[in-house]
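Thank you for letting me take a few minutes of the meeting. Please look at the sequence and the structure as they come up, and then I will walk through some places in the chain.

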Amino acid sequence: MKSLFIVTMLTAMCGLAAEAPAGLSSPFYIQPRTGAQHIALSENWELSWRDNQVGATAELAAQPKWFKVAYPQSVQMALYHAGELPHPYYNLNSKKYEWVDEKVWYYRKSFPLPPAAQGQFVFLVFDGIDYFSRVWLNGTLLGEHEGMFGGPSIEISKHARYGGANEVVVEVRAGNWGNKRGWDSRKPGRVIKPWVLTGGLGAEMFFPVGMWQGARVEIVPKVHLERPFLATLSANAREARLRLKVELLAGTQSLERELHAWNNAILSLFRDASASKAVTEALALEVALIDKSSGRPAFSRRFDVKAWEGRNWVEQDLVVPTPKLWWPNGLGEPNSYTAQLRLLSGDKPLDTMQFDYGIRTLETLPTPGPQTTDRWEKWQFAVNGRKFFVKGMNWMPADILLDLPRERYLWLLRAAKNAGIQMIRIWGAGLIEPEAFYSAANELGILVWQDFPIGNTIVPDFPQRVWEAQVLQNIFRLRNHPALAVYCGGNEFNAYGEGNAAAIGILERSVRDFDPTRAFRRTSPDAGSIHAYPDMDPTWYARQYPLVPFMSETGMHNIPSAATIREVVSAEELKRPLSNMFSPEFERQFVDFRHHFVEFNSARVPRMLSRASHIDDISAPTIETLAEGTQIGAGEFYQIFSEALQANYPVTAGLMPWVFKRPWPVVAIQLMDGFGHPTAPYYFLKRTYEETHVLVRLPHLLWTAGETIPMKAAVTHASTAPATGLTLSVEAQDDAFRPLWRKQSSVSLRPGPSVANVDLGELAVPKDYQDRFIFVVAELRDSAGKLISRSVYWPRTLSMLADGQARARFRERPTEWPTLTKGPWLKPAVAKSRTTLAMELVSAKSLPDGDTRLEVRVRNTGKLPSFLTSVDVEGGRRAFFAGDNYFWLPAGEARTVAVQLHWREASEPQAGRVIVSSWNADSVVLPLTPRR
């Protein structure tokens, strides 16, 4: 009797644990369908919150307030868009959101199911819920789920109402639920969530939670397809050989299945296939490729399929004549198809699915340099048999609070395409991105290196079943995208250490089993790739890293535009000069500014400030002076390290600088700010990413009067076409634009990727030319004199190097970049020698997505070069990217600059204006037609 009492009491005390809902983690991705098979549920949910979890949905009937969520995003951004709280990125408003991850959030929505769905499988699919969730349908608890990158997926046919409304309720709790006070973003425990989305690296004040991706219902027959995989085996202009592999399920569905047993010793025993029951229907599979540019069918094939009840795998080779190949940015057009699969019973369609597809091969080959570590991967990428130097970029989440509409991805990836970027590495402390990202990358020809969400940490406590489910959900989801190039375990963690090896083992075997067509890297940096953040003269990249086959991270801090900072930081704070950044007084006076300053520490910030100190006097700068100085200083750094690494081809075969965009408006390393507007380094790097680029291999940037500077030039060439009859010239001018030296040489270029080197002798620096800048201008022109490429440098002579020992310190090894407290400063030196500019607005065209395409003609009407000539747009909250900016414009030369303009507040009809200026010319202003 006593024993029975104890058992009864334990059962009562356990409560929910005794009747725990079913776990909904599954490795099997449910493929989206088309037409009547698909019901979109992503938009217009209602959202509310409670302090504690409910036991049943009936308890939500008394909720005092629900608000609308128009599209998938975090709870935090949903609160902002509903007008409940101010914008979390402005001022110190993030503090008003500190309570959000402590609440339990409830989403609800009603949707109809057609009567025809009865008798079929009906899947309720969520593509991303952050982080812990439970799901009810029509008051019935269906189960619980954890993990933000796919799922839960639930077969709901037994609980659905046909011909009427169905109410779905989703409970969501944050990843730090119940552990907020003890949370450590470097030690996520059992939570499989990226570091930057758990209060890490400049997002310490944010912990997103919510239904951040869409939801859908897929209606499929009892005999249906699942998880197609179409791979290109070979391809050329004449024909492509593809291999299709797709699952066919008869009388069963994926979520009833298990990928493998976890506990028993023997995975499976042989069972005679004759014991299986054959499907008697006459089944056929129709495969079609529809040209996305024309909408016309380009290929079609139908073949009979034999199936048995249960799971079947169908495999078929396809030969496509005269295919349009998919090429990365700068190598050709990203020609795409819609791949359509139809399962037929006779001529009756049973199941239809379609997905983006591009015909292309992608392989990695050995680089010719020596192996320098135990593990050594192949780093030479080749697409469709064509080798190329990877002009890449690292990618953080586009928005830290997961407000990620397709329009935002299109804007950012169009800007990446404009910059010549060919591959983006999705950083392992960030997201596995949603479909909108990959769709845009496919469309624009940008390859993707996909890290998985392990970043800067160890993960011994990852629940392996959940991890495997998250990994496979995404391999199945992503593997048909032509943009996908590389899988990687994550960022800056030890993939071989205790605790991490199990997670990487699951990932590595999953890639090998389910998508062996892509390269796999266990972590970055590893096996020949490196991450480098040196504080040194950037010309040292040529000598410091000559054996590195792939630079997967490197970069330099800068402050985004003053307009961006002024938009998000207290105006009162910015009235003061931004001096003495590491003093206690600065901390007290600039609380708001510090809130928007990432990695504010003595290992990072001085590097940025020291480079700005060569541009202008930053002893007590305004935000405008500091922003400009840091951007131009960082721009010089990006230009020189990019040129050094590209000119080291073929030993170095790729570069991915840090980082394209910050996920909210902050001071940090960035090419585009948190609002999607480029900083100056974007344009400095863009020029180095052009197809054919001229450069000067300066051995140093810092000199002293009387020295001789070796003038060795090079041309990097990506085109497969050779080029002859070219003229390469290098000219040196003093900082008043008076000529000092000039040489030229004829040059021919081998088919790319190639590097041509030209030795032009030496420049003798005048003996009295101290504490001044020298302008070095390299140009490459064709036989008709047309400019192909131009690069500009400003090495300086410093009196501090007149001492031989001091000079040796800078020349013998990489040394910290010096801070110039008394000059020389580039901007004041340039501003003394004036020229004049003229501008005309050639065209202004409204684009279908609401953006504006401008063409601006800029002419230097003076007698001296215009230095750092820039185009800007004012008149509202704007973002734009241009064909070029911050460029050298010689006297008498004109340049037409294309500008893609996005008004961030489209509801405010304002007149804008285009401004052209330079450091040694007055601004010219032209009005734009008011927005309507």
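**Loops, helices and empty spaces**

Let me begin in a loop, with Tyr131, which lies between strand β5, residues 121-126, and strand β6, residues 132-137. Please keep in mind throughout that this is a predicted model. The peptide bond that leads from Asp130 into Tyr131 is cis, with omega near 15 degrees. There is also a cis peptide bond that joins Gly151 and Pro152, where omega is about 5 degrees, and Pro152 sits in the loop between β7, residues 140-146, and β8, residues 153-155.

Staying with the backbone, I would like you to find Asn138, whose place is in the loop between β6 and β7. Asn138 is a residue other than glycine, and yet its phi has a positive value, near 50 degrees. Is Asn138 buried or exposed? Its relative accessible area is 17%, and because the cut-off for buried is under 20%, Asn138 counts as buried. Leu201, in the loop between β9, residues 165-173, and β10, residues 215-220, is not a glycine either, and has a positive phi of about 45 degrees. With a relative accessibility of 15%, Leu201 is counted as buried too.

Now we move on to helices that pack against each other. Two packed helices are described by the angle between their axes and by the distance between those axes. For α3 and helix α4, the latter covering residues 435-444, the angle is about 35 degrees and the axes are 9 Å apart. The crossing in which α3 passes α4 is right-handed. On the α3 side the contact is made by Arg406, Tyr409, Leu410, Leu413, Arg414 and Lys417, while the α4 side brings in Ala436, Phe437, Ser439, Ala440, Ala441, Glu443 and Leu444. Sorted by class, the residues of this contact between α3 and α4 are eight nonpolar, one polar and four charged.

The next pair is helix α5, residues 464-478, and helix α6, residues 501-514, which pack at an angle of about 35 degrees with their axes 10 Å apart. Here again the helices are in a right-handed crossing, as α5 passes α6. If you would like to trace the contact on the screen, the residues of α5 that take part include Trp467, Leu472 and Phe476, and those of α6 include Ile506, Leu507 and Phe514. By class, the contact of α5 with α6 has 11 nonpolar, two polar and two charged residues.

Further along, how many of the eight residues of helix α11, residues 605-612, are buried? Seven of them are, and the helix is mostly covered. The buried ones are Val605, Arg607, Met608, Leu609, Ser610, Arg611 and Ala612, and what covers them includes α12, residues 623-646.

For contrast, please look at Gln589, which is found in helix α9, residues 584-589, and which is partly exposed, with a relative accessible area of 30%. If we leave aside its neighbours within four places in sequence, Gln589 is in contact with Glu573 and Arg576.

Finally, let us turn to the empty spaces. Rolling a probe the size of a water molecule over the atoms shows where empty space is left. The largest pocket holds about 1,300 Å³ of space. It is lined by 47 residues, and the closest to its centre are His902, Trp903, Arg904, Glu905 and Ala906. The helix α3 comes back here, since the largest share of the lining of this pocket, six residues, belongs to α3. By class, the lining of the largest pocket divides into 23 nonpolar, 10 polar and 14 charged residues.

The structure also holds nine cavities of 30 Å³ or more, and the largest cavity has a volume of about 120 Å³. Of the 16 residues that line the largest cavity, those nearest its centre are Phe389, Thr716, His717, Ala718 and Pro753. Which strand gives the largest share of that lining? It is β20, which supplies three residues, and the lining as a whole has seven nonpolar, four polar and five charged residues.

Methods: Residues are numbered from 1 along each chain as its sequence is written. This is a predicted model: local features need pLDDT of at least 70, side-chain atom pairs count only at pLDDT 80 or more; totals for chains, interfaces and linings use all residues. Side-chain values use heavy atoms; hydrogens and water are left out. Axes are lines fitted to C-alpha atoms, for helices over the stretch in contact, and angles run from 0 to 180 degrees between N-to-C directions. Helices (H or I, at least four residues) and strands (E, at least two) are DSSP runs, numbered from the N terminus. A crossing is left-handed if the near helix is turned anticlockwise from the far one by less than a right angle, and right-handed if clockwise. Contact means heavy atoms within 4.5 Å. Ala, Val, Leu, Ile, Met, Phe, Trp, Tyr, Cys and Pro count as nonpolar, Asp, Glu, Lys and Arg as charged, and the others, Gly among them, as polar. Buried means under 20% relative accessible area, exposed over 50%, partly exposed in between (1.4 Å probe, protein chains only). On a 1 Å grid over the protein atoms alone, a cavity is a set of points where a 1.4 Å probe fits but cannot get out, and a pocket is an open set with protein on both sides within 12 Å along at least five of seven lines; lining residues have an atom within 4 Å of a point. Grid points are joined across faces, edges and corners, and a volume is the space filled by probe spheres set on the points.
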